[in-house]
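I opened this structure to look up its cores, its strand pairing and its helix packing. My entries follow in the order in which I made them.

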Amino acid sequence: MRNWKVLLPPHRHSSISPFHHFRYRSTSSSSLSLSSSETPTATPRLQSQSRFNCAGFSYHSHSHPFFHFHPRHLSSITAPDVEDPSAYPSGDFEYNPINGAWNKFLVKLRILTAFPPYRIPYGSVYTLKLRGQITDQLSTRFSRRVLSLPQICDNFIKAAYDPRISAVYLHIDSLNCGWAKLDEIRRHILNFKQSGKLVVAYVPSCREKEYYLACACDEIYAPPSAYFSLFGLTVQASFVRGVLDNIGIEPQVERIGKYKSTGDQLTRRTMSDESCEMMTTLLDNIYTNWLDKVSSAKGKKREDIENFINEGVYQVDRLKEEGFISDIIYDDEVVTRLKERLGVEAIKNLPMVDYRKYSGVRKWTLGVSGGKELIAIIRASGSIRRVEGPLSVSSSGIIGEKFIEKIRSVRESKKIKAVIIRIDSPGGDALASDLMWREIKLLAASKPVIASMSDVAASGGYYMAMGAGTIVAESLTLTGSIGVVTGKFNLGKLYEKIGFNKEIISRGRYAELLAAEQRSFRPDEAELFAKSAQHAYKQFRDKAAFSRSMTVDKMEEVAQGRVWTGNDAASHGLVDAIGGLSRAIAIAKLKANIPEERKVTVVELSRPSPSIPEIISSLGNSLVGVERTIKELLEDLTVSDGVQARMDGIMFQKLEGYPNANPILALIKDYLGS
């Protein structure tokens with residue numbers, strides 16, 4: 001008979017079985033000196049018998065999810081060397097216009113002979129609506145509803161060099177992404193301005209994230225009826241213990257790591273002191289960064305910005321008076337002003353090209369293509385699964401088997417000089433994370449591998465990053481989280497309420513450990529359960545310590561399930577450098593002995609193929625969102641058994657950037673939206 005599973009609101013892509021629920025987090029460490037032969041001090045304690053070996057690590061073949069790691073084969077993998085982070089190249093953009101009569105002629109010729117769909121009039125304005133979800137994956141021609149960060153950034157670079165583009169006009173509305181993606185976009189807005197071209201923002205609805213981008217533009221406009229709410233940032237945590245008590249479910253949880261918050265959702269009614277400390281630090285870092293960037297952009301003192309926020313100003317005219325926006329006008333009036341600024345006659349239309357059309361323009365056309373050396377980018381976005389289930393949505397999440405295939409193909413390629421693993425994931429299946437880590441580590445032994453973190457690279461996401469030789473994160477990337485939570489639910493009272501009964505016949509002292517969900521643990525079972533959780537935590541912590549060439553004691557100081565921002569992670573040795581993808585590419589060139597001034601060609605190895613739901617959605621079927629969410633939900637119910645390395649338990653209001661945080665809520669939202 002199939003195990004029952006209970007899904008609770010705070011979890012995304014997680015199945016909580018009455019028999020067991022096991023999660024642990026992955027974070028890591030700094031690059032202190034440790035030779036490949038010097039395993040962590042805890043190594044002798046990690047030797048134990050196993051049923052079979054997998055990629056050099058031993059796992060028990062029992063059905064229970066106790067996770068065991070043996071670093072006895074790690075000596076075959078070289079630990080990372082110590083380097084001074086300040087020695088890493090910045091990768092900063094420098095605008096160098098196309099020079100030389102011949103080069104200019106080639107650009108004009110390519111523009112003239114471009115395919116008709118991608119021919120753009122001179123003097124055009126590139127328009128982009130920044131709204132809703134922004135994915136770190138490449139987009140397909142069918143995925144029209146979701147903006148692609150790589151394409152957004154590429155378009156800014158092209159627009160800077162394109163002689164046909166005279167300005168950029170951004171419509172910035174309610175955004176659903178994390179702060180790291182915003183930093184990447186903001187950086188490209190500032191880079192574009194080096195070309196001397198105008199960039200204008202129009203903000204009909206504006207909170208902190210939207211203004212964070214808008215203040216990087218030359219001018220900001222808003223309609224008289226605009227919704228402005230620059231009131232500050234909040235963080236919140238949800239607790240379901242009261243709900244479980246009411247329906248007769250008793251959670252039995254072993255939490256290893258004082259900052260581990262996932263277990264708190266099930267067992268507590270309020271936030272723990274440690275969780276409050278961690279979340280307060282994260283909030284302070286993000287709020288401080290926002291104040292610093294806004295005050296710098298607007299030429300104001302940080303104290304003045306904070307005082308203005310604390311006034312609770314929502315009137316658009318006050319925002320204009322205080323210099324937060326340029327003027328209060330409607331969209332058509334902004335277009336009229338652009339025509340005047342660009343010298344377009346009033347009776348003529350302002351030529352515009354939108355995001356979708358401009359995405360088809362090739363860099364080669366504009367003379368900004370790369371060189372002969374190849375650097376590969378493998379993107380890893382979403383929840384981690386080991387295998388693709390029968391109901392998997394194409395291009396949804398990270399499928400371990402497919403990711404490993406890409407890694408191995410790159411390792412065998414002689415053309416590719418370096419690899420960047422671009423990670424935007426809160427984690428997922430622990431076995432998949434471990435297998436991918438092993439392949440990344442093996443790849444790093446043959447050629448330079450750089451991990452580039454987006455919004456989230458925590459737990460399983462950080463696990464992957466540990467395999468790289470160098471880790472680069474944005475200042476507000478959420479990363480870290482080494483800890484273990486394991487537990488089961490006692491459904492005895494619930495069964496009594498609904499008239500359900502279950503009887504078990506067993507052989508073996510601990511045979512019912514995870515099977516008897518109708519009762520609490522016996523004392524000996526509880527002791528074994530606690531020991532197994534502590535053991536799993538030690539294995540995971542020690543493995544992280546080795547991967548980052550850190551002593552176990554040093555790793556323990558930054559573990560304990562704590563989540564860090566990129567800046568704090570760097571100061572604690574978990575991250576090597578702060579920056580975006582451009583800095584990761586610059587470091588990859590350095591590691592591959594490619595001169596800094598030489599151009600390289602970046603090869604994307606994770607181009608998604610459109611799924612059937614995406615194709616149907618592109619044709620206008622509003623119910624496809626429900627269909628897609630149902631499939632993802634059913635897949636979670638059928639293939640998510642086992643250990644999970646996932647960052648759950650933290651929900652940011654106005655800080656959240658990870659879409660679809662809960663499949664049930666997403667299902668309801670999609671259904672109502674349809």
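Entry 1, strand pairing. I am working with a predicted model. I began with one bridge: S425 has A457 in strand 19 as its bridge partner. I then took the strands as wholes and found that strand 17 and strand 19 (residues 449-458) pair through six bridges, in the parallel sense. Strand 17 also pairs with strand 14 (residues 374-381); these two run parallel and are joined by eight bridges. I looked up one position there and noted that A380 stands opposite I423 of strand 17. I also asked how many residues of strand 17 are buried. The count is nine of 10 for this strand, which spans residues 416-425, and I logged strand 17 as mostly covered.

Entry 2, the cores. In soluble globular proteins, nonpolar side chains tend to be buried together. I searched for such groups here, and the largest nonpolar core holds 64 residues. L130, L170, Y211, F228 and W290 are its residues with the most contacts inside the core. Helix 2 (residues 149-161) contributes the most to this core, namely seven residues. Another core lies apart from it and has 47 residues, including V410, W437, M464 and Y537.

Entry 3, L130. I listed what L130 touches, leaving out residues up to four places away in sequence. The list is L147, I152, L170, H171, I172, D173, L175, I185 and L213.

Entry 4, helix 2 against helix 3. Two packed helices are described by the angle between their axes and the distance between the axes. For helix 2 and helix 3 (residues 179-193), I read a crossing angle of roughly 5 degrees, with the axes coming within 9 Å. Angles under 35 degrees count as roughly parallel, and helix 2 and helix 3 are therefore roughly parallel to each other. From helix 2, the residues in the contact are L149, I152, C153, F156, I157, A159 and A160. Helix 3 meets them with K181, E184, I185, H188, I189 and F192. I sorted the residues of this contact by class and got 10 nonpolar, one polar and two charged.

Entry 5, helix 12 against helix 13. I repeated the reading for helix 12 (residues 400-412) and helix 13 (residues 430-444), which pack at about 5 degrees with their axes 10 Å apart. That angle makes helix 12 roughly parallel to helix 13. Helix 12 enters the contact with G400, F403, I404, I407, R408, V410 and R411, and helix 13 with L435, M436, E439, I440, L442 and L443. By class, I noted nine nonpolar, one polar and three charged residues in the contact of helix 12 with helix 13.

Entry 6, L442. Is L442 of helix 13 buried or partly exposed? Its relative accessibility is 27%, so I put L442 down as partly exposed. I also checked a distance: L442 and I407 are 35 residues apart along the chain, and their C-alpha atoms are separated by 9.2 Å.

Entry 7, I325. I found I325 in the loop between helix 9 (316-321) and strand 12 (327-328). Its relative accessible area is 3%, and buried means under 20%, so I325 is buried. Beyond its neighbours within four places in sequence, I325 is in contact with I220, A222, F228, V316, L319 and K320. Last, I took the C-alpha distance from I325 to V203, which is 9.5 Å for two residues 122 apart in sequence.

Definitions and conventions. Residues numbered from 1 in each chain as written. Predicted model: local features only at pLDDT ≥ 70, side-chain atom pairs only at ≥ 80, totals over all residues. Heavy atoms only, no water. Core = buried A, V, L, I, M, F, W, Y, C linked by side-chain atoms within 4.5 Å. Buried < 20%, exposed > 50% of the residue type's maximum accessible area, 1.4 Å probe, protein only. Contact = heavy atoms within 4.5 Å. Pairing = 2+ DSSP bridges. Axes fitted to C-alpha atoms, helices over the stretch in contact; angles between N-to-C directions. Parallel < 35°, antiparallel > 145°, perpendicular 65-115°, else oblique. Nonpolar A, V, L, I, M, F, W, Y, C, P; charged D, E, K, R; others polar.
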